[in-house]
Amino acid sequence: AACAKAGKASAAYERRRGGGPAAYDRGWTRRAAGDPGADGELTDAQRRGLVLFFGKANCHQCHHGALFSDGEFHNIGIPPRGGGRPTDPGRYAVVDRVRNDPFNAAGPHSDDPAGAQARISASLVNSPERWGEFRTPSLRNAAETGPYMHAGQAQTLEDVIHFYSTLEGATQLDHHRELVLRKLDLTGPEITDLAAFLRSLTGTPPPDPWGSPPKRNAAPASR
């Protein structure tokens, strides 16, 4: 019970540390209000990147919604660090652990054991198709969360986009394929513009005191 309470307290603290809106959000808010200067929230490169994101690059197919994530798991075939065949089973290795974990959404420590997330936790089913799958990450504040991919295979946003553009070194195991994955064939300037758009999703820092580490209590006076 103590571990569960500590985890919930930590999660509540993390939620309070959410920052303010990003340039992308401010632009849409101003546009919805009929503000003719809404486009000024993004640079020219970011606006071109936005068109690519929802158009030619088709990034929104997996990165959509408020968090820019479909919340699903995918195997995109990115090669391991150092090359060779993939060895990380990803989701396949943990489905059973999650389903049987007493701290999952359906477990005895859950605040909503009959809720939608609990039903998902209780009904998880493992299968070989899960091998090598990883959850689609949110693109919120992506510019601040490198290195990228599940094992840090890409150092910069441009490196990530280059992989999707070329699928260079991509490795898939038999039927473990992501059928929606296609080479984007982006030009150098397009990669730069798309990375610029992703940087427009960085929000303003959280306000104090949530943006600063907690202060230590003064040491007790010696007797």
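This is a short talk on the fold, the core, one helix and the largest pocket of the structure above.

A word on the source before I start: the model is predicted. I'll begin with the overall layout. The chain has 223 residues, and 29% of them count as buried. It contains seven helices and two strands. Reading from the N terminus, the order of elements is α-α-α-β-α-α-β-α-α. If you take the contacts between residues at least 6 apart in sequence, 70% of them join residues at least 24 apart.

Now the core. The largest nonpolar core has 24 residues. The members that touch the most other members are Phe53, Ile161, Leu194, Phe197, Leu198 and Leu201. Four elements each give two or more residues to this core, namely α2, α3, α6 and α7. The largest share comes from α7, with five residues.

Phe53 is worth a look on its own. Setting aside neighbours within four places in sequence, Phe53 is in contact with Leu194, Phe197 and Leu198, among others. Its list of contacts also includes Asn58, Cys59, His60, His63, Phe68 and Leu139.

Next, helix α2, residues 23-32. Which residues of α2 are buried? They are Ala23, Tyr24 and Gly27. These three cover an arc of only 105 degrees around the axis, so they sit on the same side of α2. On the other side of the helix, Thr29 and Ala32 are exposed. What do the buried residues of α2 pack against? Their partners are α3, residues 44-54, and α7. Just after α2 comes Gly34, with a positive phi of about 80 degrees.

Staying with α3 and α7, there are two side chains I want to point out. The one in α3 is Gln46. Gln46 is buried, at a relative accessible area of 12%. Not counting residues up to four places away in sequence, Gln46 touches Glu41, Ala196, Phe197, Arg199 and Ser200. Phe197 is also one of the contacts of Phe53.

The one in α7 is Glu190. Is Glu190 buried or exposed? Its relative accessible area is 18%, and the cut-off for buried is under 20%, so Glu190 counts as buried. Beyond four places in sequence, Glu190 is in contact with Leu52, Lys56 and Asp185. There is also a pair here that spans a long stretch of chain: Glu190 and Arg48 are 142 residues apart in sequence, and their C-alpha atoms are separated by 8.1 Å.

Last, the largest pocket. Its volume is about 1,100 Å³. The lining is made of 50 residues, and those nearest the centre of the pocket are His63, Ile76, Pro137, Met149 and Tyr164. Three elements give two or more residues to the lining: β2 at 134-135, α6 at 157-166, and α7 at 188-199. Which element gives the most? That is α6, with four residues. By class, the lining has 26 nonpolar, 17 polar and seven charged residues.

To tie the parts together: α6 and α7 are among the elements that give two or more residues to the core, and both do so for the pocket lining as well. His63, one of the residues nearest the centre of the pocket, is in contact with Phe53. Phe53 is in turn among the core members with the most contacts to other members.

Methods: Residues are numbered from 1 along each chain as its sequence is written. Side-chain values use heavy atoms; hydrogens and water are left out. On a 1 Å grid over the protein atoms alone, a cavity is a set of points where a 1.4 Å probe fits but cannot get out, and a pocket is an open set with protein on both sides within 12 Å along at least five of seven lines; lining residues have an atom within 4 Å of a point. Grid points are joined across faces, edges and corners, and a volume is the space filled by probe spheres set on the points. Ala, Val, Leu, Ile, Met, Phe, Trp, Tyr, Cys and Pro count as nonpolar, Asp, Glu, Lys and Arg as charged, and the others, Gly among them, as polar. Buried means under 20% relative accessible area, exposed over 50%, partly exposed in between (1.4 Å probe, protein chains only). The arc is that of the directions from the helix axis to the C-beta atoms. Contact means heavy atoms within 4.5 Å. A nonpolar core is a set of buried Ala, Val, Leu, Ile, Met, Phe, Trp, Tyr and Cys residues joined through side-chain atoms within 4.5 Å.
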